[in-house]
Each structure stands twice: as C-alpha cells, then as structure tokens.
Amino acid sequence: MKFIETRGNDGQRPESVTFSEAILGPMSSFGGIYSPESLPELGISFLEEHLDKDYKTLARSILKAFEIDIDDSVIDEALDLYDHFDDCSAEQCNPAPVVKVSDDLYVSELWHGPTRAFKDMALQPFGKVLSSLAQKHQQEYLIMAATSGDTGPAALDTFKNRDNVRVVCLYPDGGTSDVQRLQMVTEDADNLKVIGIHGDFDDAQSALKMLLGSEAFNARLKEKNISLSAANSVNFGRIIFQLMYHIHSYLELVRQGAISLGDKVYLDVPSGNFGNALGGYYAMKMGLPVEKIIIASNQNNVLTHLVKEGIYDISESSVIPTSSPAMDILKSSNVERILFDLFGKERTKELMLQLDEEKRYALTDSELAELQSIFSADFCTDDEGKQYIKETFEKGYLMDPHTATCFKTFDTCRDDKSLKTIVYSTAEWTKFSPTIANALTGETGQSDRDALEAIATKAGIQIPASIKDLFNKDVTQSSVIDKDDIEKEILAFLG
Ligand SMILES: *Cc1c(COP(=O)(O)O)cnc(C)c1O
C-alpha cells in the first residue's frame, strides 16, 4: 500500500511513500498530508468471519489488508497494548465496549485506556510502532505536541521510556482541567518534557508551529542528530488505528442482536480535528454498512456549516472556549483527506490554499451534494449539552460533555429513524467532572477533586484509582514559561 500527497507532488519529494515513511515524516508537498492511494475492500464476508473474533484479531486482519511495511512482531506487540485497557484479558480483548442506552442508540466507549480518553485507542499502538521504526533506522526522533488536554497525556503515556523517541509537550497553563494537567506534570520518565505556557492553546500551538518552521531550531536538532516527527492526527499512523473501532462497534451491534449483518447504521461522532470521523469514512468506503456519518460539533461549528452549506469560513471567527474543549477547533486538519478522496489533489490544493489566504472556501453544488450523501452535521451548545447529560443520567447512563454533543445530533440529524445509531464516547466522566457535576447538581465553580467526589456520590460509583492517585503524586514537570523561552528550554532538555 502506497501513500500519496493530498495537494499533489512538487517534484522535490517522492511521488509516493510507504506507510513507515508517511509515519516518520508526515508532512508532504505544498503543505499537504499523506493519504492512502487506495483502500482495501473488506465486504460482508470479512465482517462475518470476524464476528466471533476479538478486537486484536480484527485489528490484525485490517492491518494485513492494508499491506503496510511493519513487521508482524511489531504489530503484535503494538496490539498487545490493548491488553492494558479495562475489561481486557489475554483471551478476549475488548478495549471498546458498546453499551445500549436506548432502543436505537448504542454508545461505543473509546476511553477505557490508560489516560481515560479516546486518544489512547490510536496512540497506544502508534507509540510502539513509531519507536520500533526509529530503532530500526537507528535514528533519534523528537515528537512535539501542543495539547489542549487529551493528546498530551496520551502521547506522554505511550512514549514514556521508549527507545529513540523523546517527547516535548506544550500546554496552556490554566487552560486544561486539573486532571489533564496532573496527568502530564506527574510524568517522570527521562525522555519526556512537559512545558506549561503563559497563554492559551492557540499560543501553544503557534509557538510550536514557529519552532517547526524555524531554520535555526532545525539546524540545532540536526547538529544533535535528531529528526522531527509528529503525533497529531494528521499522522496516518494514528488514523489507521481508528478504522478498527468503527468496524468493531458495528460487529458488537450484530453480536448483541441489535442488527443483522448488512443492516445500515448511523455513526455519530464528536468531532474536532476529524480523525475519528475520517476513520469512520474509511471504514464505510471499505465496505462497512453505514447510512451516514453524523458530525457533532460544539459552538465552534465550522463543520456544521461545511456539511450544511458547503462553506468553510473562519474569516470572522475565533475559537470559543466551551465545556467540550477537545473540540474547540476551527481548522479541522483531517477534512483535507476527505476533500482529497472526493474531489482529487488539484481541487484540494486549490481549496486549502484559499483557506490559508482568504480564510474561507466554498464547494460547488455538486460537491456539496456528494459530501451530503455521506455526512450529516449539527452542533450542540454547552447548555444543551448539560441538559443531555442530566436527562441521560436520569435514564441511567453517565457521559462526558463531548459525548453529549452526539445526543443532540442523534435527535436532529437522522432521516431514517428505523436505523440504529452508534454514538462514540470519547472521554470518561472523570476528565471533565466540573461540567458534569454542574449538569447533575447545579453546583458551579467546583475543583476537579470536589466535582469527582460529588459525581461519585450521586451516581453511586467509585473514582477510578488511576485518577484518584493523581492528586497524591509528585509534580515532576514544573516548567511554566513565556513563549519566547520555549526554544531554549527544549534545547536544554535535549542536552
Ligand atoms: C480529540 C477528542 C475529540 C475530537 O476528535 P477528532 O478525532 O479530533 O475529531 C473529541 N472528544 C475528545 C474527548 C477528544 O479527546
């Protein structure tokens, strides 16, 4: 399987690259990203064959169908990391349980990994694969990430103490939840560096972009014989591990007797950078019976406008902070792969250039019709989200504010009400407890610690030990600095 560039080739780079090349150096010509040249066709017989197989076996078969250039032994070790998720045993691994919430609505819980958010689903195996490739090439890699909360902890966890990879993680001081911050600043492996920035997430992200583009910084890395790679979701190494749980969730519905093999379902996805939804799109193209993929957003609703009107417009917008911060995004990177797949590289280059220069692009009517044959979209305000959290809790299911956005779109985006819907739950309640406590009790301004206790008491459940322990761990990563000092701090860490 080869990977090609979403904005075409500039004549300087290879026309196509292998999977491992796309992972190690994910940026391509004209600022584009790598996408698969074609997708394997899986079909109903593939689904049937995997009905009585566990998650790891399914994942192995899908990776095999992609014919990627990664050794089987590495793939096995990467997938074995799912054994550390809840509810997994070596015999029967199910890292993503699917829970029935009402007759038509099933929730696929993607947060049973070590950092309690869905980033673990892809980053756990990805970390192993990337580090193995780095060792194989005898090359040191630096992974830099700017995080608003979930990617940071998941990236640190997957790379900690791995050979040939060092991670620098920038977060906005005061801009994450207490739990998310503690998950980062209590990490103490030698190959990890966590830096708080005075500023917001955009400041952290733009500081990171500046460094990545800085010739001086790149020259210093070269002197130290260190290459750069990326762990954000433009890296296809993450996306490939996100196809699987869509296929798995569908099979779970068949196993639970909710649908028959071949029946169509809706996939209802809380979306930010569009990695999760893109995984669903590829699964659909590979033959998963999907009626439509529903894109749920918060008040940062650029994707709703794109799918409803064919217009992507960020010229007048700035990011609105919401209670689902992992979706507080205006430039949704993986939409580019959809444009490429539907409309080709010339058109993608044109549209992405317009977005860079005019902060806006518009699809033609026929392009919009094509998009709407696959996707449907709406957004959920914070108040609506809290209402859904409360109502759904009263019916017996506790969910986080990101998941709640999908309950709104479940109500507004389905044309065929006879079909079942899979809602993707992307975070455990423990990661966004003040919002949830507020929805359930009306209490405002609680610390994470108090909110966790309040929810646990109200719901009659335990706070998981991994979260509770965070409050007693030593803070080992105490740097909080100005943007201007980041480069110095990183070079000092690299030694
Ligand atoms: C990252 C994240 C999302 C958004 O996922 P994308 O793949 O970027 O669309 C949604 N919810 C939570 C909790 C997340 O951490």
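Two residues are in contact when heavy atoms of theirs lie within 4.5 Å. In this predicted model, among the contacts between residues at least 6 apart in sequence, 75% join residues that are at least 24 apart.

**The chain as a whole**

The chain holds 21 helices and 15 strands, and its C-alpha atoms fill a box of roughly 60 × 50 × 50 Å along the principal axes. A compact globule of 495 residues would have a radius of gyration near 23 Å, and because the chain has 21 Å, its value agrees with that expectation. Of the 495 residues, 59% are buried, while the chain exposes about 19,400 Å², of which carbon and sulfur atoms supply 44%. The side chains include 48 positive and 79 negative ones, and the centres of these two sets lie 1 Å apart.

**A parallel sheet**

Five strands form an open sheet in the order β8-β5-β6-β7-β15, with parallel pairing. The edges of this sheet are β8 and β15 (480–481), each of which pairs on one side only. Strand β5, residues 140–146, is mostly covered, since 6 of its 7 residues are buried. The table sets out three of the pairings within the sheet, each with one pair of residues that face each other across it.

| Strand pair | Bridges and direction | One residue pair |
|---|---|---|
| β5 and β8 (226–229) | 4 bridges, parallel | Ile143 and Ser229 |
| β5 and β6 | 6 bridges, parallel | Ile143 and Val167 |
| β6 and β7 | 6 bridges, parallel | Tyr171 and Gly196 |

Ile143 of β5 thus appears in two rows, with Ser229 as its bridge partner in β8 and with Val167 standing opposite in β6.

**An enclosed helix**

Helix α7 spans residues 178–185, and because 6 of its 8 residues are buried, this helix is largely enclosed by the rest of the structure. The buried residues of α7 are Val179, Gln180, Leu182, Gln183, Met184 and Val185. What covers these buried residues includes two strands of the sheet described above, β6 (165–172) and β7 (192–197). The cover also includes the helices α6 (151–159), α19 (448–459) and α20 (465–468). Strands β6 and β7, which take part in covering α7, are themselves joined to one another by 6 bridges and run parallel.

Conventions. Residues are numbered from 1 along each chain as its sequence is written. This is a predicted model: local features need pLDDT of at least 70, side-chain atom pairs count only at pLDDT 80 or more; totals for chains, interfaces and linings use all residues. Side-chain values use heavy atoms; hydrogens and water are left out. The radius of gyration is taken over C-alpha atoms; the globule rule is 2.2 Å times the number of residues to the power 0.38. Buried means under 20% relative accessible area, exposed over 50%, partly exposed in between (1.4 Å probe, protein chains only). Accessible areas come from the Shrake-Rupley method with a 1.4 Å probe; for residues, only the protein chains shown count as cover. Lys and Arg count as positive and Asp and Glu as negative; His and the chain ends are not counted. The place of a charge is taken as NZ of Lys, CZ of Arg, CG of Asp or CD of Glu. Two strands pair if DSSP finds at least two bridges between them.
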